[in-house]
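Reader: I'm new to looking at protein models. Could you walk me through this one with a few questions and answers?

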Amino acid sequence: PQPVEHRLIYYSEANLPESVPALNSIRLAENDDEIVGMLQAGSYLFFLERHHLWRFSMQSNPAKDGFSWPVATRGAVNNRCYTIVGETVYILDSDGIYGFTGDGNADPISLPIQNIFRPSDSPYVINFQASDWFHCSQYPNQETIRWFVALSGQVYPRHAIAYSYRQKRWWIEEYQRPITSSVVGELNGGRIIYL
């Protein structure tokens, strides 16, 4: 966006999702961070930045009675790197992966594999310069979340950081070709992930 719009969030009128008047905007306080997305959890809307999370609340009109405030000093690499399991949002940012329940506490769950997030000579280090292509998918039947990431020297995601949220176990998967997007769909009445 243009510099004057850098901290603005535009919204539509109720029941008019394709109509966004230029005056319908919310301004987040300046903090030298970049807005990368939004998510809805519980009764709140959260604005995702690279290094912060903001909670937004309102009664009837975002411009008149809407209010936003920072709730965590963790963020997200982009708007496709989170998933919601139950009441917990699992998010990938530049410091690792964490669980967030909306109360302001960011639980750093990736401590057992934290070396993958730190610069080193290992081939198993995340290349955050390729983070525009990162994404995650929840596999409900496997009780697993996969964050598709690019490792050292790669431009597109060919690896997944997999997390079994019931067993609290981690592993890394490698794919034959890049996996640049994923979506939940249906096949024969069941939910599956299309890559």
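Reader: Which residues lie nearest the centre of the largest pocket?

Author: Happy to help, and please keep in mind that this is a predicted model. The largest pocket holds about 250 Å³ of space. Its lining is made up of 14 residues. Those nearest the centre are Tyr82, Thr83, Cys136, Ser137 and Val184.

Reader: Which element gives the largest share of the lining of the largest pocket?

Author: Let's start with the elements that give two or more residues to this lining: strand E7 (82–85), strand E11 (135–139) and strand E15 (183–187). The largest share is 4 residues, and the strand that supplies them is E11.

Reader: How many residues in the lining of the largest pocket are polar?

Author: Sorting the lining by class gives 5 nonpolar and 2 charged residues. The remaining class is the polar one, and its count is 7.

Reader: What about the second largest pocket: which residues are closest to its centre?

Author: This pocket has about 200 Å³ of space. By class, its lining has 7 nonpolar, 4 polar and 2 charged residues. Of the 13 lining residues, the closest to the centre are Tyr90, Asp107, Ile109, Tyr163 and Lys168.

Reader: Now for the core. Which strand gives the most residues to the largest nonpolar core?

Author: This core has 22 residues, and Leu92, Phe134, Trp147 and Ile161 touch the most other members. Strand E8 (88–93), strand E12 (144–149) and strand E13 (159–164) each supply at least two of the core's residues. With 3 residues, the strand that gives the most is E12.

Reader: Is Ile161 buried or exposed?

Author: You can find Ile161 in strand E13. A residue counts as buried when its relative accessible area is under 20%. Ile161 has a relative accessible area of 0%, so Ile161 is buried.

Reader: Which tryptophans is Ile161 in contact with, leaving aside neighbours within four places in sequence?

Author: The contacts of Ile161 beyond those neighbours include Ile97, Ile113, Phe117 and Val149. The tryptophans on that list are Trp147, Trp170 and Trp171.

Reader: How far apart in space are Ile161 and Phe100, C-alpha to C-alpha?

Author: In sequence, Ile161 and Phe100 are 61 residues apart. In space, from C-alpha to C-alpha, the distance between them is 18 Å.

Reader: How many residues does the second, separate core have?

Author: Among the members of this separate core are Leu48, Ala72, Ala76 and Ile91. One of them, Ile91, is also in contact with Trp147, a residue of the largest core. The number of residues in the second core is 13.

Key. Residues are numbered from 1 along each chain as its sequence is written. This is a predicted model: local features need pLDDT of at least 70, side-chain atom pairs count only at pLDDT 80 or more; totals for chains, interfaces and linings use all residues. Side-chain values use heavy atoms; hydrogens and water are left out. A nonpolar core is a set of buried Ala, Val, Leu, Ile, Met, Phe, Trp, Tyr and Cys residues joined through side-chain atoms within 4.5 Å. Buried means under 20% relative accessible area, exposed over 50%, partly exposed in between (1.4 Å probe, protein chains only). Contact means heavy atoms within 4.5 Å. On a 1 Å grid over the protein atoms alone, a cavity is a set of points where a 1.4 Å probe fits but cannot get out, and a pocket is an open set with protein on both sides within 12 Å along at least five of seven lines; lining residues have an atom within 4 Å of a point. Grid points are joined across faces, edges and corners, and a volume is the space filled by probe spheres set on the points. Ala, Val, Leu, Ile, Met, Phe, Trp, Tyr, Cys and Pro count as nonpolar, Asp, Glu, Lys and Arg as charged, and the others, Gly among them, as polar.
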